[in-house]
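Biologist: I am new to this model and would like a close look at one part of it, set against the whole. Please take me through it step by step, and explain each term as you come to it.

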Amino acid sequence: KEAQRKSCVLLKNARVDDKIMLPLEPGVKIYSENLDEKLLKQYGGTPVFAPDEADIAILRLKAPYQKIGNGFLERMFHQGDLDFKSPEKDRILEIMDAMPTIVDIYLDRPAVIPDISRKAAALIGSFNASDDVLLDILYGKFNPVGKLPFEIPSSMEAVEAQREDVPSDSKNPLYPYGFGLQY
């Protein structure tokens, strides 16, 4: 768990209503997706089941991918475009338009997320971290110290124009290699 905590990367922590979004305070009504609600209660959050009942949202997402082929390696590795497509992207942005939203994105590969980054109140890149590890960071029980092991590109065009064998050469990356904030 210590390794998971240290690997999480705080990419954004915006000011919402004259207060920095993270760390969270107990008692906030939270709409969440892909997060254990019982565990959220233990940290002091108040889970709600509809976005219109919440003060904030927490969305746990996975970097986008497409299933291509049925071979052995194709089943082991995610591949295809790195950006979210509609209707999923529209659904995510609609929630983010309705309330301050914390996004945790599982980065098993880079993701093209400029719209999500722009609208997120807080953004965390994680690497298959458990719910309790994420909540430790969201509630300030652990100060995020992780740094990106690759850059987060700004567009699919930038991805397509970069060299395949160089980890950090896309044009104007959204978040550069080694980026990471702390509280």
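**One helix and its surroundings**

Modeller: The protein chain holds seven helices and eight strands, where helices are DSSP runs of H or I with at least four residues and strands are runs of E with at least two, numbered from the N terminus. Its radius of gyration is 16 Å, close to the 16 Å that the globule rule gives for 183 residues, so the chain is as compact as a globular protein of that length; the radius is taken over C-alpha atoms, and the rule is 2.2 Å times the number of residues to the power 0.38. This is a predicted model, in which local features need pLDDT of at least 70 and side-chain atom pairs count only at pLDDT 80 or more, while totals for chains, interfaces and linings use all residues. Residues are numbered from 1 along each chain as its sequence is written, and side-chain values use heavy atoms, with hydrogens and water left out.

The part I would pick is helix α6, residues 131-138, which is mostly covered, since eight of its eight residues are buried. Buried here means under 20% relative accessible area, with exposed being over 50% and partly exposed lying in between (1.4 Å probe, protein chains only). The buried residues of α6 include V133, L134, L135, I137 and L138, and also the aspartates D131, D132 and D136. For the 183 residues of the whole protein chain, the buried share is 45%.

What covers the buried residues of α6 includes the helices α1 (2-7) and α2 (37-42), together with strands β6, β7 and β8 (122-126). After α6 comes G140, whose phi is positive, near 75 degrees.

Two of those covering strands lead on to the interior. The largest nonpolar core, a set of buried Ala, Val, Leu, Ile, Met, Phe, Trp, Tyr and Cys residues joined through side-chain atoms within 4.5 Å, has 27 residues, and those with the most contacts inside it are L61, I105, I113, I116 and L123. At least two residues of this core come from each of β1 (9-13), β6 (56-62), α4 (88-98) and β7 (101-106), and α4 gives the most, with four. Leaving aside neighbours within four places in sequence, I105 is in contact (heavy atoms within 4.5 Å) with residues including L61, F84, I113 and L123. A second, separate core has 24 residues, among them L39, Y43, I102 and F142.
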